[in-house]
Amino acid sequence: MSAGIEPAGRPLLDLAARRRNDARRRQLNVAALRLLVAVVFLGGWELATRLGWIDVFFWSQPSAIVAKLWYWITQGTDLGPLWDQVLTTMEETVGGFVVGSILGVAIGVALGRSRLLSDVLGPYIKAANAIPRVVVGALFAISLGLDIKSKIATAAVLVFFVVFFNAFQGVREVDRNLIANARILGAGDRQLTTEILIPSALSWIVASLHTSFGLALVGAVVGELFGATAGVGELIYAAKNNFDAAGVFAGMALLAAMALVAEALITALEDRLIFWRPPVTTETRI
Amino acid sequence: MSSAIELRDVTKRFLTPSGGVYTALRDLNIAVEPSEFCAVVGPTGCGKSTTLALISGLEPASEGEVEVFGKPVSGIESGIGYVFQADAVFPWKTVLENVAAGPRYHGLSNRDARIKARDWIARVGLAGFEDRYPYQLSGGMRKRVALAQSLINGPRILLMDEPFSALDVQTRSLMENELLGLWSSTSASVVFVTHDLEEAISLSDRVFVITAAPGTVKSNYKIDLPRPRNVAEIRFQPRFAEIYGEIWNDLRDEVLVSYERQKRSGAA
């Protein structure tokens, strides 16, 4: 009697092919449905404004927004070429994101390591976190002026708290066994921090980067609203002052595009930083 | 000749989260000779792991003396290896980096540490897997990494906390044989904590039976089975069955006490 393993004949190959077909069909389905959602939403909006159900003056319409974007791209904005505005906001966002993340990780790890520091500073950080932090934009507009510095500072403050709490928690939640093992193997304090605590906290920290990049964008735009000479936030502010709803929506569309691009970049960064984790097999990440 | 490890009248108390005091060990006396392989058996929660934490210096004793080679233990010192029950290899390091960690921490250059690590990886049978990450290995292979990681530091004392309890039976007896092989080429004293009496007898020279908590030594047996041993076969020897019967008599009562307590606290 032989073991019951069948050679991979036709039936198995058919099965594999069918699976692949199913998967492809499903993907096409999803793409088509996505398109449908966009068409229904944008088409409905356009139709509703054309039929006069909603007031185009307040709510604009997709065709006007596209026209506005096209005008900005080809003719430039009132503040100068569109590209410069996007670049300015991007610089402020990335600047704030980098400064806030570095400070958040450094201080989060330091407090996570030291019981005394966290006990002493804990209440102050909680109190600072309780303030609606976008208002610091006003303070920075006064103290740092209307150029890029005040926006970076505002964005950095928003980013800092998110990254800080994650880094702190990440360090606190490190597997006790890993710490004990490293210490038994002879690791000193510095090696413990750089080789065990930070890599271990990195999953937490990187997870927070997704949220915090969005917040950096919020910080940059809010900073621009408090007073600026360039940037997408300033574009939106100017459009608002002109009762130009299409301009406001066009600015929002730009911000959304920037956020999506950044999200993709951070996901790529995440895979780089946390290479030691089994590949994630979920189908969609939202 | 002095003992490699000596615990004299050791008591260990912990503060419970609710503010009470839990006595894990009471008046524990254990002495382990140099190059001796000792097993510590006892019911669940009797303080077996705590014993290892005391010897390694991870935890201080509340009362009594803990000495390693005649010196009181006052913190983590080199010369001790510790294989943990749960996976404690570093998931973000490759097999090679994991094994090389100890020598690097002791001041060896990265290059020399890696050369040494390759040798140990081969000795535990993982040659060819140097660049894998732990998540890419089976449970048995991760245990081999943990073994190499500990042994590469040349410990004079090797502490093992139910290291093979998560492995399937076949892998387990394979690992036990390999452990004996590796150990015989060193002169390390081993303290091997387990709840499995069969494992304890087949591996060791001496078995300590610990009572239900608060743990203290109930009895200690010299295991006079000849070495080298084959763990998979030694249990069929008549002498093995005799020893097993003797120790089980002691252990059974403690297991029952512990079981009754668990039932009661479960019912409450």
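Two strands count as paired here if DSSP finds at least two bridges between them. Keep that in mind for the strand close-ups below, and remember that everything in these views comes from a predicted model.

**Figure 1. Here's the sheet of chain B, made of four strands.** It's an open sheet, and its strands line up in the order β2-β1-β4-β5. The pairing in this sheet is antiparallel. Look to β2 and β5 of chain B for the edges, since each of these strands pairs on one side only. Helix α1 of chain B, residues 48–56, packs on the sheet. The helix touches β1, β2 and β4 of chain B, and its direction makes about 115 degrees with that of β1(B).

**Figure 2. Zoom in on β1 and β2 of chain B, which form a hairpin.** Strand β1 covers residues 5–15 of chain B, while β2 takes in residues 21–32. The two run antiparallel and are joined by eight bridges. To find your way along the pair, start at Lys12(B), which stands opposite Leu25(B) in β2(B). Five residues lie between the two strands. One to pick out in the turn is Gly19(B), with a positive phi of about 100 degrees.

**Figure 3. On to β1(B) and its pairing with β4(B).** Strand β4 spans residues 63–68 of chain B, and it meets β1(B) over five bridges in the antiparallel sense. Two spots make handy landmarks. Thr11(B) sits opposite Glu63(B) in β4(B), and Arg8(B) faces Glu65(B), also in β4(B).

**Figure 4. A short strand, β5(B), pairs with β4(B) at residues 71–72.** Two bridges hold this antiparallel pair together. Glu67(B) is found opposite Pro72(B) in β5(B), and Val68(B) has Lys71(B) as its bridge partner there. The hairpin of β4(B) and β5(B) has two residues between its strands. Phe69(B) takes a positive phi near 50 degrees in this hairpin.

**Figure 5. Now for chain A, which has eleven helices and zero strands.** Walk along the chain from the N terminus and you'll meet nothing but α elements, running α-α-α-α-α-α-α-α-α-α-α. How far does the C-alpha trace of chain A span along its principal axes? It reaches about 75 × 70 × 30 Å. The radius of gyration of chain A is 25 Å, whereas a compact globule of 286 residues would come in near 19 Å. Buried residues make up 34% of the 286 residues in this chain. Take the contacts in chain A with a separation of 6 or more: residues 24 or more positions apart account for 76% of them.

**Figure 6. Chain A is assigned two domains, domain 1 and domain 2.** Domain 1 of chain A takes residues 10–54, and domain 2 takes 62–273. Where are their centres? Taken over C-alpha atoms, 34 Å separate the centre of domain 1 of chain A from that of domain 2 of chain A.

**Figure 7. Finally, here's where chain A and chain B come into contact.** Chain A brings 15 residues to the contact, and chain B brings 20. On the chain A side, α8 (176–184) and α9 (189–225) each supply at least two residues. The largest share of that side comes from α8(A), which gives six residues. What kinds of residues does chain A put on the side that touches chain B? They divide into nine nonpolar, four polar and two charged.

Definitions and conventions. Residues numbered from 1 in each chain as written. Chains lettered and ligands numbered in written order. Predicted model: local features only at pLDDT ≥ 70, side-chain atom pairs only at ≥ 80, totals over all residues. Domains from an automatic or database assignment. Contact = placed C-beta atoms within 7 Å. Nonpolar A, V, L, I, M, F, W, Y, C, P; charged D, E, K, R; others polar. Rg over C-alpha atoms; globule rule 2.2 N^0.38 Å. Buried ≥ 20, exposed ≤ 12 C-beta atoms within 10 Å, placed from the backbone. Axes fitted to C-alpha atoms, helices over the stretch in contact; angles between N-to-C directions.
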